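Reader: I would like to go through this structure and ask why things are called what they are called. Please set the values against the definitions.

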Amino acid sequence: MIRRAYALGALAAGALALAGCDGMLPGMGAGETALDIPEVEDGDISEETMIDITRQLSSDEFGGRMPGTEGEELTVSLLTERFAAAGLEPGNNGSWVQEVPLIEITGSNFAPLTITGGETALAFEYGSEWTGVTYREDDRTQLANSEMVFVGYGINAPERGWNDYEGVDVEGKTVVILVNDPDWETEGLDGTFNGRAMTYYGRWSYKYEEAARQGAAAALIVHDTDPASYGWNVVESSWGGPQAYAARGDNPPPMTTVNGWVQKDTAREILAAAGQDLDELSAAAKTEDFQAVELGLEASTSFENSFRTFSSQNVIGVLPGTEAPDEYVLHTAHWDHLGTCLPAADDGDDICNGAVDNATGTAALVALAEAHAKAGAPRRSLVFLAVTAEESGLLGAYYYASNPVFPLEQTVGGINMDAFLVAGPAKDVTVVGPGKSQLDDFLVAALEDVGRDLTSNPNPEAGYYYRSDHFAFAKQGVPMLYVDGGEDLVEGGRDAGAAVGAEYRENRYHGPKDEFDENWDWAGVMQDLQLFYRLGRMMAMSTSWPNWNEGDEFRATRDEACAAAEAGC
């Protein structure tokens with residue numbers, strides 16, 4: 001086995017040359033520690049496996065793969081069968097699955113969102129103008145005459161000197177919150193909240209959590225397509241119908257009564273009723289001296305809820321290592337999707353098949369497992385983890401990360417695969433969250449081997465690093481890579497790649513048109529899988545323990561875990 005030893009961060013210059021960047025990627029500074037990066041060969045990856053499993057998982061028979069449905073049963077059965085056939089062993093102490101306790105809440109009979117206190121009462125229809133859910137297990141949700149407060153971006157970040165809730169009491173009130181974080185319109189990546197790159201403070205999940213910690217009765221996020229990175233159709237599809245949540249146990253965290261979204265025009269009308277201007281308030285909310293604004297309005301709505309408690313399942317297979325079987329390299333992808341959703345306007349189809357998102361990534365787990373098994377087990381163990389309930393908030397990934405089958409301090413790192421756009425071969429790959437960890441050196445070495453370039457995420461404001469399963473592991477300190485297919489297509493270049501991505505987001509993402517197409521050209525996906533194969537193989541053959549870069553938000557957690565570990569990092 002030929003091996004390469006790179007100085008930590010020394011590949012930064014190479015990455016920049018590949019990416020065509022003028023300055024260093026964030027965090028990619030020079031260092032002293034050497035990384036052992038082995039040379040590996042291409043894997044024998046089956047395109048037939050990719051096609052067959054993607055087709056099956058996204059068929060109408062699987063019903064959109066909603067957790068807790070027959071679609072889950074079919075999915076888990078297919079994955080365990082294919083993992084076994086690939087040559088993996090059951091990954092959970094003799095079982096292929098890890099039970100994930102969930103509760104499903106389905107709202108119905110939604111009343112309009114009514115706003116009083118202005119010159120005339122306002123009423124907004126559910127679905128087209130606002131949408132909302134509850135995290136509480138109440139038969140009926142009632143928000144009655146709740147005072148409204150505009151809280152800017154709804155952020156309380158003492159380490160950044162920012163608190164949108166300072167000086168205001170929102171106990172029992174309805175907070176109106178802007179999507180993303182204050183400097184999302186910045187051109188570069190410098191700013192209180194990392195400039196154009198979204199931080200976790202920009203995610204809807206954080207905003208609801210913080211509103212609950214502040215004692216709010218309801219939290220309404222103002223939808224805006226650019227900073228959200230998706231249209232209202234995605235909100236309407238994703239937040240309608242059954243919603244799955246993690247079982248909360250005996251000491252649940254604080255929860256609002258209602259969490260929801262309002263259309264931008266709806267928010268504009270509400271604020272105008274309070275004598276306020278949405279654009280002016282939005283501009284003020286970008287400044288450190290912003291203060292929350294009491295609107296002098298009251299919000300009311302109601303709806304009924306039905307409940308179902310059930311266990312969903314993570315599916316886990318392992319290829320045990322030969323020399324260091326107690327050291328683990330993760331491959332993750334989520335198998336779930338939305339089930340049924342808002343019917344398509346042209347044909348009434350209401351099955352969200354999730355072919356791209358994420359039947360492709362789930363199929364990739366099997367295809368990569370087959371290829372690694374054919375090549376023979378590497379020195380470290382390879383774990384293939386298909387997680388549930390990603391669409392509900394990374395619930396399966398969070399559950400595993402909190403209840404790991406394989407100790408996290410003995411987990412070297414991992415690769416997450418979430419939605420392969422079938423766009424044809426590309427000259428580059430898109431890295432989401434570059435410069436965060438020493439796994440970048442493995443990535444750049446693999447890219448050199450396959451002759452492809454590195455492009456930093458072209459839409460950092462979308463916050464993709466905080467929107468897929470790798471984030472659950474990163475929060476626990478495990479270095480994770482999230483790499484998407486490239487935008488610089490062999491045929492058509494960057495304009496063509498951007499057009500493919502835009503078409504998917506606008507017409508198919510989280511909708512019934514995300515369906516399998518027998519005419520897809522899989523050459524680009526297979527190209528990507530060779531890269532992922534090399535990355536996994538390099539990490540599994542290496543003797544190094546890559547860490548987060550100095551100053552990264554996850555470094556301290558990893559260091560603390562490693563310091564306490566008897567084995568592993």
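Reader: What makes the crossing of α9 and α14 right-handed?

Author: A crossing is left-handed if the near helix is turned anticlockwise from the far one by less than a right angle, and right-handed if clockwise. The crossing of α9 and α14 is right-handed. Helices here are DSSP runs of H or I with at least four residues, strands are runs of E with at least two, and both are numbered from the N terminus. This is a predicted model, in which local features need pLDDT of at least 70 and side-chain atom pairs count only at pLDDT 80 or more, while totals for chains, interfaces and linings use all residues. Residues are numbered from 1 along each chain as its sequence is written, and side-chain values use heavy atoms, with hydrogens and water left out.

Reader: Why is α9 called oblique to α14?

Author: The two helices pack at an angle of about 55 degrees, with their axes 11 Å apart. Axes are lines fitted to C-alpha atoms, for helices over the stretch in contact, and angles run from 0 to 180 degrees between N-to-C directions. Angles under 35 degrees count as roughly parallel, over 145 as roughly antiparallel, 65 to 115 as roughly perpendicular and the rest as oblique. The angle therefore makes α9 oblique to α14.

Reader: Which residues make the contact between α9 and α14?

Author: Contact means heavy atoms within 4.5 Å. From α9 come Ala364, Leu368, Ala371, His372 and Ala375, and from α14 come Leu529, Phe532, Tyr533, Gly536 and Arg537. Phe532 also touches His331, Ile415 and Met417, among others.

Reader: What makes α2 oblique to α9?

Author: Helix α2 (residues 47-57) packs against α9 at an angle of about 140 degrees, with the axes 8 Å apart. That angle makes α2 oblique to α9. This crossing is right-handed. Among the residues that meet are Met50 and Ile53 in α2 and Ala359 and Ala363 in α9.

Reader: Which helix gives the most to the largest nonpolar core?

Author: A nonpolar core is a set of buried Ala, Val, Leu, Ile, Met, Phe, Trp, Tyr and Cys residues joined through side-chain atoms within 4.5 Å. The largest one has 96 residues, and Met50, Leu529 and Phe532 are among those that touch the most other members. Helix α9 (residues 355-375) gives the most, with eleven residues. A second, separate core of 64 residues includes Tyr206 and Leu385.

Reader: How do you know that Cys562 and Cys569 form a disulfide?

Author: A disulfide is a pair of cysteine sulfur atoms within 2.5 Å. The sulfur atoms of Cys562 and Cys569 are 2.0 Å apart, so the pair fits the definition. By this rule the count comes to two disulfides, the other joining Cys341 to Cys352.

Reader: Why is one disulfide right-handed and the other left-handed?

Author: The torsion about the S-S bond of Cys341 and Cys352 is about 95 degrees, so this disulfide is right-handed. For Cys562 and Cys569 the torsion is about -105 degrees, so that disulfide is left-handed.

Reader: Why is Cys562 called buried, and what does Cys569 count as?

Author: Buried means under 20% relative accessible area, exposed over 50%, partly exposed in between (1.4 Å probe, protein chains only). Cys562 has 17%, so it is buried. Cys569 has 29%, and therefore counts as partly exposed. Both Cys341 and Cys352 are buried.

Key. Lists of a residue's contacts leave out its neighbours within four places in sequence.
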